[in-house]
Amino acid sequence: MRMDGLSGTFSYEETAYHLPVTFALTGKAVHTADEARAAYHATGENPLVACECLTAAAETTGGKAPPPYTGFLPDAVLRTLGYSLVDGSILGLVVVAGTPQSPDAAAALCRELQEKYMLTFLSGGIVDSLTGAGVKVGAELRLVPLGGRPFSAIHFIDIIARVAMMFGGVTPGDADRLLAYARERAKAIAIVFPGLDEEETAVFDAFRLLGIPILSAGEYEGSEWIRVSAPEAVRTGMDLKGIKVSVTAIPIPMACSPAFEGKSIRKEEMFVEFGGGRSPAFELLRCRPAEEVEDGRVRVIGPEIEELKEGSAVPLGIIVEVAGKTMKKEYEPVLERRIHNFVNYGEGTWHVAQRDIIWVRISKEAVSHGVRIEHLGKLIAAKFRMDFPDLLDAVQVTLITVEAAVLEAKKEAEKVYEERDERIRGMKDTDVDTYYSCTLCQTFAPNHVCIITPERPALCGAITWLDGRIAYEISPSGANQPVAKGRVIDAERGEFEGVNRFVKKASHGEVDRCSLYSVMEYPMTCCGCFECIAVMLPEVNGFMVVNREYKGDTPSGMSFSTLAGTIGGGAQTPGFAGISKTYILSDRFLQAEGGINRLVWMPSALKEELQGRLVPKLEGRGLSGLFDKIADEKIAVTIEDLTAFLAQVHHPALAMKPLL
Amino acid sequence: MTITTLSDWTGQVGTVTLGAMKADGGTRSATVTIGGERDLSFIGTPPTGHRPLIAYELCDDPSLWPAPVTRFLGDRASDPAEWARWAGEEYTPDLIRLFLTSTRKRGFSDFASVTTTVENVLQATGLPLIIEGSNDSDLDSEVFRRIGEAGEGERFLIGTAEAGRYRSIAASAMAYGHLVIAQSPIDINLAKQLNILLREIGLPHDRIVIDPYTGALGYGFEYSYSVMERIRFAALKGDDDLAMPMISSAIDSLTVKEVREADPSVSDRISVAWELYAMLPATIAGASIVCVRHPSAIQPLRAGIDGLWSAPAGKGGA
């Protein structure tokens, strides 16, 4: 109704953004009472627009607010402010309004805000309370007195609107972008003391639209404001907007940088190793309630580095527990996969593979500089906090080096892996038109590109299609990117135009074509992390699969490690493919070559591991009996023995179309 | 033999424009554009992209500048504005690169001088400017804010951002409309990572110029050459995070023993030779801006670049 009484023309000085809130919301430069009323109605009677127009009118006719009040801040000040926000010398913005009952409590609150690198704007009776309590105010002290009435808090919003337009690329008039920017990027909170009247309350309530949490240290009834006591206001507000003082250095006696990521630690350089088939080892990342995670805590259960024999293989369990308001259980596998990078960032630490087949080494040199097992945990905890500051509030790491305890915890971990694999089961490649890439391993294999589909997980087995989607959600510029399938080139081989285009680019021009379901023609490249290798055996017209844990000979004449050395490094090797274990269960497995009927040999441990899921699957496909026709090392380790066995059991591969 | 291309590249180096004239909110008498290559440097007739440019480097505290140059310059080195005017008029480089070396002295605290120096140099020359600020994270925030402010709208190229300290430089570019030099220590992976960090903080790719760091000849230049080539290959193969133009500076060339200890009678000739023979190959490796400190190096360098640029097809090896 006060809008009806508005008259004349008005404007702020030293700004290119007119009345910034109104300009940002409507795209209209408002300078007259009629324009103001039009904008007010166009925004559905937005109280922020009303408050801004009235404030601008009052400042135009009544002159600028008297010192110490600043009133409207010119663009030049805004630029400096924006600079400090990007620069990191200011972590966030706070507006404090109303009149505190206890000036001392208000003074303590503002001091805390100063200490936490927040830029604080003051609006209303709070300014007098602070000066009364002996607190100096002023922009240089990071306490900016906007005005003597709570309405002056509208200047806090015009600051956010201008920052969005100057730094966030928000176009004036694009209200949706503005709101999204304010919600997601602006680190702003409001703390309200008592003394706001009804109109003022309505204006502050409208701040919530911009994702600004309103912390009420007063007696405001029935609103959606968050009630806090004055001493807890700052912490609560900062937590709600995820504002935190960041970790900058990792306190370990070893350099830590992506520069060291591709560096191997050879056997001669190694002080101790974990896993890699030489000792039981696993890694697991779990999401926990905040109260169960103490940030930065690292525990080592079992012998430390000084109690270990040089050159030995030691059991290891890496359990990372994280907490965060926006953290979801679905994110666990994606974050868990990052342990691989983080450990490799250490100058003297090395990591390959994933889940319960990890292989970790610590170098002699690192140990001579004082690196201990606990530092692995410190490194992991710090890097998670540094790389996912918005997602994770706390990270704690437990490292187990006692065999019995590792084995027990590993059983639990295996249940979790199984639950994760279960989630993706049932989804078909034809259900989606976007696959996901993974180029996480390009530090080791610069031209390798994994294409992850619902029915074909990453060859490391650690990232499913769902994980790829989530990873992209968490970090849109990360190693998992959406890949539009595009036109089908060959449905049998699973070759798609969109996938080829992506692979060509992501492989830096090295790989032109990629069939998702064929081992023989344009197979996917291999990094070095594959859980298993599928190998064509021309003598028996079929394929064998060998997993990383299996150390013995295979009918191909080569062990896993020899095969891995032959096909890894980002090359495309027809006849060979790096695959995950669960891919064996997929309907797409060997599709172009005739499907699972071609499978003639697997190590017995792998057979056992898959049996529970594979046998029903085969029965469902009318292939009951096939499972027993698949040989293992107990039946045959030479191609001659294998040929004889397959003939004896009438393995279907023998009668299929020749592979060559 | 006419070399047209070596491969079917899929990518292209982005273009970056330095400097702003009056219509765009600046005061420069010209702007320059670099990048845009769709092939390796100097391949094709005419070559793709923009011709490499020469920046002349000067500073505001000559006590931290190589002696062969300050000897040649005499008193001119004591006033950066006069130095910039003189070099711009007499030697016609494409750009002036001002190093605020005063900020690199121990105990520096005269922040107001940053503003004054930048303003004076802006007045003294109409060429687009590259400004190098402090390299101490305790000073960066204040120094780069002042550089940005003093040149608001001038579209400076500001340096030098590194992996550990890039926020102030990026903030200055974002707040006041400038561009950023992103430097990595002769390492393609770190170059890429820094570009990603800059993008995530909100700086678009078309406001970044890569400095892969250039060693002096015989003191690591071959590593720099190789990493520049690899960055260019990555860009041409479609890696957007490395598809920015590059800047290369002969920053170490005048401090090597052979130049430092040269007989004063041949000091100028030796200095020019060392700068020339590092910077001309740098353009072949892919640098879009090459920088020298001895003014006499500008003309021979320009002649070399022009010769490579307009060599008629079939005579490349002559």
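In the predicted model, 50% of the 660 residues of chain A count as buried. The secondary structure of chain A comprises 20 helices and 23 strands, and, of the contacts in this chain with a separation of 6 or more, 72% are accounted for by residues 24 or more positions apart.

Helix 16 of chain A, which spans residues 497–506, illustrates how burial is distributed within one element: its buried residues are A:Val499, A:Phe502, A:Val503 and A:Ala506. Because these residues cover an arc of only 100° around the axis, they are placed on the same side of helix 16 of chain A. An α-helix has 3.6 residues a turn, so that residues three or four places apart point the same way. The cover over the buried residues of helix 16 of chain A includes four strands of that chain, namely strand 15 (434–438), strand 16 (450–452), strand 17 (482–484) and strand 19 (495–496). After helix 16 of chain A comes A:His508, for which phi is positive, near 60°.

The contact between the two chains draws on 16 residues from chain A and 25 residues from chain B. On the side of chain B that touches chain A, the elements that contribute two or more residues are helix 4 (137–150), helix 5 (167–176) and helix 6 (188–201) of chain B; of these, helix 5 of chain B gives the most, with eight residues. In composition, the residues on the side of chain B that touches chain A divide into nine nonpolar, nine polar and seven charged.

Conventions: Residues numbered from 1 in each chain as written. Chains lettered and ligands numbered in written order. Predicted model: local features only at pLDDT ≥ 70, side-chain atom pairs only at ≥ 80, totals over all residues. Contact = placed C-beta atoms within 7 Å. Nonpolar A, V, L, I, M, F, W, Y, C, P; charged D, E, K, R; others polar. Buried ≥ 20, exposed ≤ 12 C-beta atoms within 10 Å, placed from the backbone. Arc of directions from axis to C-beta.
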